[in-house]
Structures are given as structure tokens and as C-alpha cells.
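Colleague: I should like to learn how to read several features of a structure, one after another. May we begin with the surroundings of a single residue?

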Amino acid sequence: MRKIKTLKKNYEFKNVLSKGKFYIGKQVSIYVLENHKNVNVIGIAVSIKSCGAVLRNHIKRLIRENYRLLKDNLKQGYDIVFLWNKKLQPKDANFHIIKNDLEKMLKKADLLNNE
């Protein structure tokens, strides 16, 4: 089982958020920037103001698991940042809605391979 590469530094997030293209879904938005490497690197951000640590980590786990299920069908060489919509209640986080959001946005971004 390969580990998912993640963005860790603040400047890496800022670079993707300022230069990348964004796509908005019901619960999650994504920013995509080409990184000219042979691997996708992801970052997940959930606002501190939206909820406490337990719910923030739950949302991150849901997003990370949905990405894990889709990563084999993705084109490689991109930095992807997932943002939780802070206007929504964290209790409304739903695995299937997040999955549909990610599939639609990744198709729109032309990152999902057609199979």
C-alpha cells in the first residue's frame, strides 16, 4: 500500500490556491495546479472556525478515503487541494456526497481517466 503524497508547507498551499484552477462542489471545492512531476500531491484544508478537531479530522478522513478510491483513475503530475465548504455544518459531511462531488469536479478538471 503506497502512501499518499501530501502538501505540508503553507507556501505550497498558497501556491496552489493562488495559481491553480478551482472547481466548486456541494461540500468540497478543489484547486488544481500542474506540478511537472510524475505523482499527484494532495492537500486537505478544513477551517478551524467551522468545527472542533474531532469533526475536522473526520472530514479529512472522508476526503482522503474518497481520494484513495479514485487515485488509480487519475492523471498524474498535479497538486490538488481539497477545501471543505465552511458554510455547511460538519455534521452534514456525507461519504457519498463527497464522492459524487470529487468525481464531478475531477471530470470537469479533466483529471479523471475515462474507463
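Modeller: In this predicted model, Phe 13 touches Leu 7, Lys 8, Gly 43, Ile 44 and Val 81, residues up to four places away in sequence not being counted.

Colleague: Where does Phe 13 lie, and is it buried or exposed?

Modeller: Phe 13 belongs to helix α1, which spans residues 10-19. Its relative accessible area is 16%, and because buried means under 20%, Phe 13 is buried. As for separation in space, the C-alpha atoms of Phe 13 and Glu 103 are 22 Å apart, with the two positions 90 residues apart in sequence.

Colleague: How should one read a pair of aromatic rings?

Modeller: A pair of this kind is described by how far apart the ring centres are and by the angle of the planes. Here the count comes to 2 aromatic pairs. In one, the rings of Phe 22 and Tyr 31 have centres 5.7 Å apart and planes at 35°, so this pair is tilted. Tyr 31 is itself buried, at a relative accessible area of 19%.

Colleague: What is the geometry of the aromatic pair of Tyr 67 and Phe 82?

Modeller: Tyr 67 and Phe 82 are edge-to-face, with 6.0 Å from centre to centre and 65° between the planes. Planes over 60 degrees apart count as edge-to-face, which is why the pair is given that name.

Colleague: Which elements does this pair link, and how buried are its two members?

Modeller: The pair links distant parts of the chain: Tyr 67 is in helix α2 (residues 53-70) and Phe 82 is in strand β4 (residues 78-84), 15 residues apart. Both residues are buried: Tyr 67 has a relative accessible area of 4%, and Phe 82 has 0% relative accessibility.

Colleague: Tyr 67 brings us to helix packing. How do α2 and α3 cross?

Modeller: One reads the approach of the axes and the angle at which they cross. The axes of α2 and helix α3 (residues 95-108) come within 10 Å and cross at roughly 50°. That makes α2 oblique to α3, and the crossing is right-handed.

Colleague: Which residues meet in this contact, and of what classes are they?

Modeller: From α2, Leu 62, Ile 63, Glu 65, Asn 66, Tyr 67, Leu 69 and Leu 70 take part. They meet Phe 95, Ile 98, Lys 99, Leu 102, Glu 103 and Leu 106 of α3. By class, the contact has 9 nonpolar, 1 polar and 3 charged residues. Tyr 67, which is paired with Phe 82, is thus among the α2 residues that meet α3.

Colleague: Does α3 also offer an example of an exposed residue, and where is His 96 placed?

Modeller: His 96 is in helix α3 and is exposed, with a relative accessible area of 54%. The C-alpha atoms of His 96 and Ser 47 are separated by 21 Å, the two residues being 49 residues apart along the chain.

Colleague: What should one look for in the backbone angle phi?

Modeller: Most residues other than glycine have a negative phi, so a positive value merits a note. His 36 has a phi near 55°, a positive value in a residue other than glycine. Asp 110, also not a glycine, has a positive phi of about 60°.

Colleague: Where are His 36 and Asp 110 found, and how accessible is each?

Modeller: His 36 lies in the loop between β2 (28-34) and β3 (41-45) and counts as exposed at 70% relative accessibility. Asp 110 is in the segment after α3; at 48% relative accessibility, Asp 110 counts as partly exposed.

Definitions and conventions. Residues are numbered from 1 along each chain as its sequence is written. This is a predicted model: local features need pLDDT of at least 70, side-chain atom pairs count only at pLDDT 80 or more; totals for chains, interfaces and linings use all residues. Side-chain values use heavy atoms; hydrogens and water are left out. Rings of Phe, Tyr and Trp (its six-membered ring) pair if their centres lie within 6.5 Å; planes under 30 degrees apart count as stacked, over 60 as edge-to-face and the rest as tilted. Buried means under 20% relative accessible area, exposed over 50%, partly exposed in between (1.4 Å probe, protein chains only). Helices (H or I, at least four residues) and strands (E, at least two) are DSSP runs, numbered from the N terminus. Contact means heavy atoms within 4.5 Å. Axes are lines fitted to C-alpha atoms, for helices over the stretch in contact, and angles run from 0 to 180 degrees between N-to-C directions. Angles under 35 degrees count as roughly parallel, over 145 as roughly antiparallel, 65 to 115 as roughly perpendicular and the rest as oblique. A crossing is left-handed if the near helix is turned anticlockwise from the far one by less than a right angle, and right-handed if clockwise. Ala, Val, Leu, Ile, Met, Phe, Trp, Tyr, Cys and Pro count as nonpolar, Asp, Glu, Lys and Arg as charged, and the others, Gly among them, as polar.
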